[in-house]
Amino acid sequence: MNRLIQFSMKNVAAVIIIVTMLLGGGLVATSGLKMENLPDISLPYVVITTGYPAPPQDVMDEISAPIEKKVSGLERLKTMTSTSSDSFSTVVLEFEEGTDAEKKKQEIDGMLQELDLPEAATRPKAATFGNASTPAYYLVLYAEEGMSQTELDNRFTETIKPGLQAVKGLDHLDAIGDRKTSLDIKLDAAAMAAYGLSPETVAGALRAEFAGGPAGSVDFNGNSMMARVKGETNSVYNLERLELQTGTGEKVPLMQVAKVEAVSQSKFIARLDDKPALGINLFKMKHANAVNFASDVDQLIERWKTEMPEVQFKTIFDTSVEVKESIAGMLREGIVGALLASLMILLFLRNFRMTLIVLVSIPLSILIALLVMRYLDISLNIMTLGGMFIAVGRVVDDSIVVIENIYSHLQRAQERNESVIRLATKEVASAITSSTLTTVGVFAPIGMVSGIAGQFFQPFAITLSVALLASLLVALTVIPMLAKLLVLGGKVKHHEEKQGAITAWYRKVLEWSLSHRFITLLLAGVLFFGSIVTIVPQLAMAFLPEGKPQPQFYFNVKLPYETSLATTDLKVKEIEDVLSNAKDQHGNKQFLFVESLVGYGQSSEALPYRAQIFTEVNADSDVEQVRRAYKEELLAMLPAGSEVETSTLAGDGPSGSAFAYALKGDDPLQLKQAAAMIKEKMLEIKELTDVKDSLSDVVKEVEIAVDPQKARQYGYTVAEVRAAVRNFIAAEELGELKLDHVMYRTTLSVEHDDKNSLDKLADIQLRAAGSGGEVVLLRDVAKLREAAAPAAIERDRQEQVVRVSAKIVGSDTGGITERVTGMLDQIPLPEGIKREVSGVAEDMNDSFMQLGVAMVAAVFIVYLIMVLAFGNASAPFAILFSLPLAAIGGFLALLLTGESLNVTSMIGFMMLIGIVVTNAIVYIDLAQQLRQQGYTVRHALIEAGVSRLRPIIMTALATIVALLPLALGFAHGTIISKGLAVVVIGGLTTSTLLTLVVVPVVYEWIEAFKQRMAQLFRRKGASA
C-alpha cells in the first residue's frame, strides 16, 4: 500500500493520465453495454413438445411414456414431469444447477431421432427455457382504407415478415392470425361407399400420382445427365379429373367422390378493437440488446407507415419501454443519492475543495465498474444499476476516511508538506483496505447460491464488488494526489481540534459503558433477542417482492373443452363489447384498446376452447382492482366450468405467488378422491384464489370398443379396425403440391358432415377380407359411446400425479404457505397416496436455505480477512459483535416500512455483514496503533473513539442518505433495491450507534480476559 501511495504522490502526471484513460474507457464501455430490465435467467430446463391427434390417455401411452423412458437415463436429470392432453404432449426435464441446457437439448434431439412414434405424431421438438424464451416485442397489424384481409396477408408475407426477420438480434417470430392458403380435398362418404373406395385408397392414388423425383443419371453420347420423373398433374383442374380405380376395376374421377378447393384460413382469429388483425410476437436472441432491438423494429414500422398508409401498426408490448423506464428511474434515484451524499460530506467537512476531492471517487469507481461489466458481458439492468447506486454511498467511505485524516494532520502539523499527506494516508491505509476487503468478501458466497436467486444477484454482487475495489484504489492513489494539488497549497487553519458537545457527550457515554461492561452488554443482548422475538414473527415472508402492477395485461380465457372455435369466438365478441364500453369512475374509457386472439394458448396448435384478450388500463385507475373486478365480471358471463386468469405481458416472473399441492399414486380413482378432498379444503381458505386441480377438467371423447371375436369373423384385428377408423376421422397431410404455379399445403379428409355424430361414425365401412368384398359397418364389430375423460394426464418421474394449485393473496407467501400446508397435511388421504408441496414456496425455502449458508460463510470470510489484517484473532472477534447490532435495525426497518422478508432483503442483511464491520475496523485499528504507542487499553479505546467519531458518522450518514431515494422507491424500477436499501439503512443506523459503545466494551473485556489468563499461567509457571 505504501508503494501505491508513494507512486501517486511522485507521479502526479501519470496518475492523471491513468484516471483520464479509465474515465474515457468507462464512458465508451457504457455505450456498448447491453440493456435489459432484469438479468437473463437461464434455467436448466428442456421442454419436449409433440403433437398427436389422440385423446389424453393415448397421448400418454404412445407419446409421453416412450419419451420419458428414452430420456430418463440422462446424466444430471433432477426432475421429469409430463402433461398429456388432447392432441398434445409436453415433457419437462429439469437438470441440476450448472447444467448447460443448450448442450442437453442437442443431446435430447439426437435421442428423439431414435424414437419410433406413431406416423400421425409430429416430430418432437426440444426447447430450452429462460427470459429469452418470452417475446420481446408484440405488434399487431390491421387493415384500413378499403384494404382487404387478403391484401394484408400478402403485405405481411411479402414485405413485413421478411423485414422483421432481417432485424439484428431476432431469434424467431410467431404470427397469430395470418391466413395461409391450403388445398383441401374433402371426401364424400356416401360417394366413396357407392364406388367401394376408402380414404386409404384415395390417399394412396394421390401419393402415387405425385411421386415424382430423381431417377438417377443417364449417358447420352458421352454426356452424363440426371433423369427426373414427374407427373402431368400440374393444375387443380387436372387434379379434379384424376382417375381413381375402384375395387371392380372401374375408373372414377376424383371430383366424383371429393371436392377440391383452395382455402385461405388461419388457425386463430385475431381482432383489434373489433377489426380483423394479425398479431406478431418477436423473440430476440439471448445476447441481443433489448433497447437496440426495439429501436430497429420501431424504425421499420415508421418506414412502413409511410410506404403502406393503409396498414395500421399497433405496438401492444415492448420490453424496451420497461427497460428504459427502469434504468431512468435507477439513474435518477442514484444521482439524487449521490447529491445527498455530497451535501452530507460538505456539511461535515465544511470545505468545498475537500468535498470535491471525495466526490471524485464516485464517478471514477462507477465508470471502472462499467468498464469491467463490458469486459465480462454483463448487461445494464436494474440489478447491476442497483448494485452501483447502492455502492454510491459506500465508495466515498474510504475517501472520506483518508481525506479527513489528511486534513486533521494538516491542521495540527507545524510544517505542511507531502510527508504529512503520505503519513496520514498510510495511517488509515490498513484500516480501509481490510474494511473494503471484508465488504467485498461478503459477496463471494453469493457465487455458491444456485437457482433463480443466484442468477439474479450474481451480476449485482460482481458490479458492487468491482465498484468497492475501485474506490479503495482511488482512495489510496487519487485522493492523496488531489490533496497534494488542491489542499496542500490552500489555506488550512492551524489549530488543535476542540471537542464539540456531541464528542464530549460521547466520551462520557463511552467511559460509563467501559466502567459498566456487564450492563452494557446485557442491554445490547436484550435489544437483539427482543427484536428477534417481537419483530421477526410479524414480518411477511415472500420469495421476491412484487413490483408495481403494469397497466398492460391480458385475460386468459378457457371455456369447457368441448367448445368449438366458432362458439368461443362468439363469447369473446361479447367480452370485447363489455371491455370496449367500460367506463371508469370519472366517465373515461376504462380500457385503451382491446385485442383478442381466439384459439390461441401460447402454442402453435389451435386450442378452440381458449382465447387471450389483451388490453391496457387508463392511467387514472387502480390496475389490481380493475383486474380483479373484470375478471369476476367476465367469469360470470361464461358457461359453468370456464376459467379466467389475468397475466402481465412481460410474464408474472419468479415473484408470482403460486401454491401447489401434489398428490401421487397408481390408482386414478383414489387420486381423484384425494384431489377432491384437498380442493374442497383449499376453497375454504380465504388467502387462496383461483383454486383448481388437474383432474377437474373433463372432456368428452368417443369411445369405440371393438369386439375382437366379431372383428376376427370378418378377417380383421383390433389394430386394423383402429387404422380404418383413424383414416376416416383424421385429416391426412399429403405435403406440399405445386399446382397452377402455386405451392399448396394439401390435406385429405372426410367431409365434416359425414362424421359429426355417433350414428355416422357407426356407419364407417370396412371391407371383409376374403369374403368377396362384403361390406361391414363399424357398428357390426364395435360399440360406440360418448364417455368423460380427464382433459390432461400429468406424470412426475413416470408416476401419475394430480396437482391442486392456487394463487396466494397477500405478501406473506411463506407464512400463508406454512399455514395452508399444515391444514392440508391433517386431511387423511386414501392409502397409497403420497403428497408434497411445490410452487413458489419450494423456490423460497431453497433460496432462503442457500442464502443462510452463504451468510454463515460470509461471516467466516470476514473474520478471516480481519484476522489476516490485524495479525491476531481477538480484535476481529470483538469487531464481529457489531453484526447482531445491525440485525436489530434491519428487522425494525422492514417492520416500519411494511416490506417483506424476501431474497432481496436477505441480500441486504448479507451486505450489512461487510458494511457494518468497516466502522469497527477503523475504530479498533486506531486503538491498536495507540496501544503500540504506550496507551493503556481503556485510554486507547476512549481516544480512538473520540478521534474516529466524526469519520464513522460521516461514512455511515453518506451511505444512508445515498440509499434514501432507493428505499423510498419513488422511481419506476426500484422495487428490487427497495427492500435491500431499507435493510441496509436500518441496520447501519443501529450498528453505527451501538458499535461505538458495544465493540470497545467487548474489546476491553477480551483484553482483560487475556491478561487474567496470562497472569494465571505466570503464577502456575512460578509455582512450578
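How far apart are the axes of helix α18 and helix α19, and at roughly what angle do they cross? We will come to that pair after a brief look at the whole chain. Please keep in mind that this is a predicted model.

Let us begin with the overall picture. The protein chain has 1024 residues, and 51% of them count as buried. Its secondary structure amounts to 31 helices and 30 strands. Measured out along the principal axes, the C-alpha trace spans about 125 × 75 × 70 Å. Among the contacts in the chain with a separation of 6 or more, 79% are accounted for by residues 24 or more positions apart.

Now back to the opening pair. Helix α18 covers residues 565-580 and helix α19 covers residues 623-637; their axes come within 11 Å and cross at roughly 145°. The crossing of α18 past α19 is right-handed. On the α18 side, the contact is made by Lys571, Glu574, Ile575, Val578 and Leu579, while α19 brings in Tyr630, Glu633, Leu634 and Met637. Sorted by class, this contact has six nonpolar and three charged residues, with no polar ones.

A second helix pair lies earlier in the sequence. Helix α13 (residues 382-412) packs with helix α14 (residues 418-442) at an angle of about 155°, and their axes are 9 Å apart. An angle over 145 degrees counts as roughly antiparallel, and α13 and α14 are therefore roughly antiparallel to each other. Here, too, you will find a right-handed crossing. From α13, the residues in contact include Arg394, Asp398, Val401, Val402 and Asn405. From α14, they include Val420, Ile421, Leu423, Ala424 and Thr425. The residues of this contact divide into ten nonpolar, six polar and three charged.

If you step back along the chain from α13, you reach Asp377, in the loop between α12 (361-376) and α13. Asp377 is worth a look for its backbone: its phi is near 60°, a positive value in a residue other than glycine. Is Asp377 buried or partly exposed? With a relative accessibility of 48%, Asp377 counts as partly exposed.

Gln798 has a positive phi as well, of about 65°, although Gln798 is not a glycine. You can find Gln798 in the loop between β28 (792-796) and β29 (799-808). Its relative accessible area is 36%, so Gln798 is partly exposed.

For a buried loop residue, turn to Pro124, located between α4 (101-113) and β4 (125-130). The relative accessible area of Pro124 is 12%, and a value under 20% means buried. Which residues does Pro124 touch, not counting those up to four places away in sequence? They are Ile48, Thr49, Thr50, Leu112 and Leu117. For a sense of distance across the model, compare Pro124 with Ile915: they are 791 residues apart in sequence, and their C-alpha atoms are 52 Å apart in space.

Our last stop is helix α7, which runs over residues 199-209 and has Pro199, Val202, Ala203 and Leu206 buried. Where do these residues sit around the axis of α7? They cover an arc of only 100°, which puts them on the same side of the helix.

Notes. Residues are numbered from 1 along each chain as its sequence is written. This is a predicted model: local features need pLDDT of at least 70, side-chain atom pairs count only at pLDDT 80 or more; totals for chains, interfaces and linings use all residues. Side-chain values use heavy atoms; hydrogens and water are left out. Buried means under 20% relative accessible area, exposed over 50%, partly exposed in between (1.4 Å probe, protein chains only). Helices (H or I, at least four residues) and strands (E, at least two) are DSSP runs, numbered from the N terminus. The arc is that of the directions from the helix axis to the C-beta atoms. Axes are lines fitted to C-alpha atoms, for helices over the stretch in contact, and angles run from 0 to 180 degrees between N-to-C directions. Angles under 35 degrees count as roughly parallel, over 145 as roughly antiparallel, 65 to 115 as roughly perpendicular and the rest as oblique. A crossing is left-handed if the near helix is turned anticlockwise from the far one by less than a right angle, and right-handed if clockwise. Contact means heavy atoms within 4.5 Å. Ala, Val, Leu, Ile, Met, Phe, Trp, Tyr, Cys and Pro count as nonpolar, Asp, Glu, Lys and Arg as charged, and the others, Gly among them, as polar.
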